[in-house]
Amino acid sequence: MTATDTTTAPDLSSNPLMQREGLPAFDVITPEDVVPGVEASLAEVSAAFDGLEGMAEPSWDGLLAPMEAIGRVFEYCWGPIGHLMAVKNSDALRDAYMAVQPQVVQLGLRMSQSRPIYDALITLKEGSDWSALDHAQRRIVEAKIRDMKLSGVALEGEAKRRYLEIAERLSTLSTEFSNHVLDATKAFELIVTDPADAEGYTSTLRAMTSQSYNDSKLNGADVPSVDADTPSTPESGPWRITLDGPCLRAFLEHSRNREQREEVYRAFISRATQGELDNGPLIVETLKLRKEKAALLGYETHAEVSLATKMAGTVEAVQKMSDELAIASRPGMEDDLDELRAFAKDQGEGRELMHWDLAFWAERMREQKFDYTDEELRPYFPLPRVMDGLFGICKKLFGVTFERDDDAAPRWHEDVQFYNVLNESGGTIASFYFDPYSRPADKSGGAWVNGCLSRRVVEGKVINPVYHVICNGTNPADGKPSLMSFDELITLFHEFGHALQGMLTTVDYADASGLSGIEWDAVEICSQFMENWCYDKPTLQGMTEHVETGDPLPDDLFEKLVKARTYRAGSAYMRQLCLGITDMTLHTTFDPNGEQSYIDAYRAVAKEYAPLPPLEEDNFLCSFGHIFAGGYSAGYYSYKWSEVLSADCFGAFEEAGLEDEAKVVELGQRFKDTFLERGGGEHPMAVFKAFRGREPSTAALLRHNGLG
């Protein structure tokens with residue numbers, strides 16, 4: 001500071017984003033903290049990285065350990081902001097996020113393109129110290145070398161300048177895409193005022209949409225009302241229909257008003273396609289930039305870049321798996337549609353089935369075929385009891401217990417729960433946040449798991465991992481706890497499988513502990529493995545307790561659930577394959593600079609994989625966040641790739657006999673010792689073989705779904 005400079009550095013002592021230990025201060029972080037906190041943190045990281053580049057010692061302690069410490073700063077600063085963008089979004093937070101995002105991206109690119117660091121990593125790999133590293137350490141070094149190559153470390157001059165420009169722009173496009181989807185979802189509502197239109201609604205849908213209507217009025221929305229001074233009730237309405245997942249699914253399945261179903265369906269498939277929220281131009285620009293970036297790196301397509309880091313390795317391997325599953329699934333999809341048409345006709349539906357009819361008639365046919373409704377199941381699945389059951393199977397299989405301690409953690413919403421994970425000796429080995437309910441006003445839809453803090457060793461002390469488990473389940477209503485649908489229960493088990501892999505890791509390096517460092521198409525193995533336990537009778541009945549009578553799920557209802565597991569499996573599989581092939585097509589053969597539009601490319605795939613051709617205004621790609629705002633570009637196939645391996649893993653339990661308690665416990669421990677503990681420290685195929693003793697097979701997956 002010069003003698004004439006009267007400015008002073010801002011006081012950051014109270015800024016929660018400068019915190020570097022303990023749990024992030026989610027309860028006090030404000031949008032006003034973001035810019036000063038991030039800029040100060042980036043200066044801190046930049047100075048540390050300058051020093052590291054100056055030394056660039058080719059050893060683990062001299063290079064990798066300091067890089068891990070730098071990553072810790074990002075975990076405490078940028079990580080919480082990204083998390084709050086998804087669970088507590090606001091205009092002010094968005095503005096602050098967008099203001100500093102370019103600086104974060106620029107520093108990340110600078111670090112990933114550091115030639116001194118890259119050269120030091122190469123020297124380490126080729127030097128005498130290489131043999132002293134353990135397997136996980138060598139995986140980390142090799143992954144960093146690979147990722148730096150894919151980040152353009154070898155580029156020079158104009159090529160490097162253009163690469164940086166593209167990377168920064170792609171990051172901005174991803175954030176804008178996600179924000180547009182959230183805003184477009186919030187912008188739509190259908191207010192149903194006529195009780196006749198709500199005759200088919202389940203009690204859960206009535207309660208959900210009545211509460212949504214009242215909440216909307218409290219927030220100042222201008223909505224029509226039968227009586228402006230009278231709040232909605234589940235019995236009399238009005239009912240507010242939105243595009244939020246739980247509401248949308250229930251409405252399309254149970255609304256008897258075909259015109260209203262059509263209106264809601266058309267709104268859903270055309271989200272983020274109009275005005276300032278139109279994601280179409282963002283998609284075109286994204287695809288062009290991904291293709292250009294791949295060319296700069298020496299690849300023909302973005303898919304080749306993506307697959308360089310995945311198990312599958314090649315587009316041909318993905319296509320081979322997709323073809324094998326499609327051959328088994330397509331006849332089932334066609335039979336499903338024929339059967340549904342015949343059923344609807346028998347029920348008096350004289351019109352041709354359209355897209356907004358499929359869920360409605362599929363639910364009616366399922367109710368008749370299996371003689372139960374989702375509404376019958378919900379009272380048996382109150383969330384607190386389900387959590388007890390989930391924890392019970394985890395204790396049985398993996399020897400861990402869970403202890404709720406909300407007061408120990410700063411939380412971003414009153415509904416958020418916090419748990420510690422204890423080992424068999426009672427010691428805490430991990431923790432997790434659980435955010436269970438839908439909040440469409442400020443929380444993104446869907447369900448996901450993210451790391452909060454990675455497991456690592458600092459000064460000889462293990463820092464336990466912390467994870468976020470985020471769902472968008474049915475809210476509590478009418479004085480009752482959240483009564484879960486069976487689909488919501490499966491989703492919870494799925495996400496908890498991710499969390500278990502993150503929390504039970506024994507790898508002590510952040511870049512390979514938990515979910516870090518795992519090939520993307522193997523990330524879903526543990527999550528999908530856990531879903532299978534929802535069809536294990538002792539497990540499922542052990543987590544049920546009727547909210548009014550306390551009775552467990554009756555045997556006959558369980559048997560119906562099992563029989564319904566394969567209901568319309570061919571259609572479900574072809575839907576996922578359609579998405580995966582569309583994704584791969586857009587990132588391989590499709591030319592974003594050519595005459596064919598991305599919508600035409602999707603339609604060509606849908607013609608082969610969908611039961612009905614898409615509607616003229618169907619542009620669901622404008623809300624396909626997985627590939628345009630998430631990490632699944634040229635990787636959506638990963639769900640099915642992982643599902644093959646996860647089903648095969650559960651097949652080991654079936655072969656041993658699920659009724660054999662000792663064998664189940666033994667296999668559970670082996671699954672923990674391999675998949676849950678080794679994280680990214682070993683290649684997933686080696687982990688699979690260590691558990692299964694052989695190469696994977698599709699047989700178990702097809703058998704589970706009645707397709708083979």
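In the predicted model, M574 belongs to helix α20, which spans residues 569-586. The relative accessible area of M574 is 0%, and since burial is assigned under 20%, this residue is classed as buried. Beyond residues up to four places away in sequence, M574 is in contact with A326, S329, R330, M333, E608 and Y609. H683 lies 109 residues from M574 in sequence, and the C-alpha atoms of M574 and H683 are 29 Å apart in space.

An open sheet is built from five strands, arranged in the order β3-β4-β5-β9-β6 with mixed pairing. The edge positions are taken by β3 (401-404) and β6 (448-453); each has a single partner strand, so one side of each has no neighbour in the sheet. On average, and with direction ignored, neighbouring strands are turned by 30° against each other.

At one edge, β3 pairs with β4 through four bridges in the antiparallel sense, with T401 opposite L422 of β4. The pairing of β4 with β5 is antiparallel and comprises six bridges; here F418 faces Y433 of β5. The hairpin formed by β4 and β5 has five residues between the strands, and G426 in this hairpin adopts a positive phi near 90°. At the other edge, β6 runs antiparallel to β9 (residues 466-473), to which five bridges join it. V449 has V469 of β9 as its bridge partner.

Two helices are associated with this sheet. Helix α15 (residues 383-398) lies across β3, β4 (417-422) and β5 (428-437), and its direction is at about 150° to β5. Helix α16 (residues 486-503) packs on the sheet and touches β3, β4, β5, β6 and β9, making an angle of about 170° with the direction of β9.

Strand β4 is largely enclosed by the rest of the structure, because six of its six residues are buried. In a regular strand, side chains alternate between the two faces of the sheet. In β4, Q417, Y419 and V421 point one way, whereas F418, N420 and L422 point the other way. Residues from both of these sets, namely Q417, F418, Y419 and V421, are in contact with F432. Leaving aside neighbours within four places in sequence, the other contacts of F432 are F391, F402, Y467, V469, F496 and M503.

F432 is also one of the residues with the most contacts inside the largest nonpolar core, together with C394, F398, F486, F496, M530 and W533. This core contains 134 residues. Another core, of 57 residues, lies apart from it and includes F49, L52, L121 and L133.

The count of aromatic pairs is 43. Y632 and Y639 form a stacked pair, with 5.0 Å from centre to centre and 10° between the planes; both residues are buried. Y639 also pairs with Y636, with centres 5.2 Å apart and planes at 55°, so this pair is tilted. Y636 is likewise buried. One aromatic cluster is formed by F398, F529, W533, F650, F653, F671, F675 and F691; F398 and W533 of this cluster are also named among the residues with the most contacts in the largest core.

Two arginine residues are placed over aromatic rings. R565 lies over the face of Y535, at 4.2 Å from the ring centre. The charged end of R575 is positioned over the ring of F620, at 5.3 Å from its centre.

Key
Residues numbered from 1 in each chain as written. Predicted model: local features only at pLDDT ≥ 70, side-chain atom pairs only at ≥ 80, totals over all residues. Heavy atoms only, no water. Pairing = 2+ DSSP bridges. Axes fitted to C-alpha atoms, helices over the stretch in contact; angles between N-to-C directions. Contact = heavy atoms within 4.5 Å. Core = buried A, V, L, I, M, F, W, Y, C linked by side-chain atoms within 4.5 Å. Buried < 20%, exposed > 50% of the residue type's maximum accessible area, 1.4 Å probe, protein only. Phe/Tyr/Trp six-rings, centres within 6.5 Å; stacked < 30°, edge-to-face > 60°. Lys NZ or Arg CZ within 6 Å of the ring centre and 35° of its normal.
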